[in-house]
Amino acid sequence: AVVSTQSGHYGRGCGSEMNFIRCDDLPVVYQTLVRGDGGRWDLSWGDENGLMRVEFEPSSVAMCRETGRVYHPAPDLHGGVGLIRSKLAIEISSKFMFKSETSCQPTGIDWQGQLHELHHDVLKLLPGLPALGRHSESE
């Protein structure tokens with residue numbers, strides 16, 4: 001399991017050792033969108049073979065209004081939230097739908113011809129950023 005420390009480091013046990021990393025955002029960074037079982041889409045991270053995957057859930061994608069970064073749920077074992085790398089986030093965000101032309105917070109995503117309402121729940125899991133991205137559209 002990935003554990004977070006008060007100093008902002010993440011640790012993971014490896015045999016009798018504990019290895020720590022410090023990252024700018026989150027330890028899980030989704031690198032690619034790949035076809036999974038039964039034709040579903042999966043987000044892949046952490047290895048070049050695509051063995052570390054989660055099912056892509058379009059309605060669970062969230063964009064932090066303050067940073068523009070795009071997130072998706074990750075396994076609880078890895079902190080519950082992952083960052084989508086910039087190149088992939090640009091591709092995904094091109095499918096975002098907005099309440100109005102002046103709105104900066106997406107309200108939906110048109111994924112494979114189907115509109116999914118975004119619920120932004122994953123933003124509540126961002127560590128160390130208690131108010132980030134949690135503003136309502138009317139604020």
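Student: Is D42 buried or exposed?

Tutor: Let's start with the cut-offs: buried means under 20% relative accessible area, exposed means over 50%, and partly exposed lies in between (1.4 Å probe, protein chains only). This is a predicted model, where local features need pLDDT of at least 70, side-chain atom pairs count only at pLDDT 80 or more, and totals for chains, interfaces and linings use all residues. Residues are numbered from 1 along each chain as its sequence is written, and side-chain values use heavy atoms, leaving out hydrogens and water. With a relative accessibility of 2%, D42 is buried.

Student: Which residue forms a salt bridge with D42?

Tutor: A salt bridge here is a side-chain nitrogen of Lys or Arg within 4 Å of a carboxyl oxygen of Asp or Glu. For D42, the closest N and O atoms of the pair are 3.5 Å apart. The partner is R53.

Student: Where do R53 and D42 sit in the chain?

Tutor: Strands are DSSP runs of E with at least two residues, numbered from the N terminus. The pair links distant parts of the chain, eleven residues apart. R53 is in strand β6 and D42 is in strand β5.

Student: What about R40, which residue does that one pair with?

Tutor: Look for a salt bridge whose closest N and O atoms are 3.8 Å apart. R40 lies in the loop between β4 (29-35) and β5 (41-45), and its partner is in strand β6 (residues 53-55). That partner is E55.

Student: Which residues are linked in a network of salt bridges?

Tutor: We've met both pairs: R53 with D42, and R40 with E55. The network consists of R40, D42, R53 and E55.

Technical notes. Helix = DSSP H or I, 4+ residues; strand = E, 2+ residues; numbered from the N terminus.
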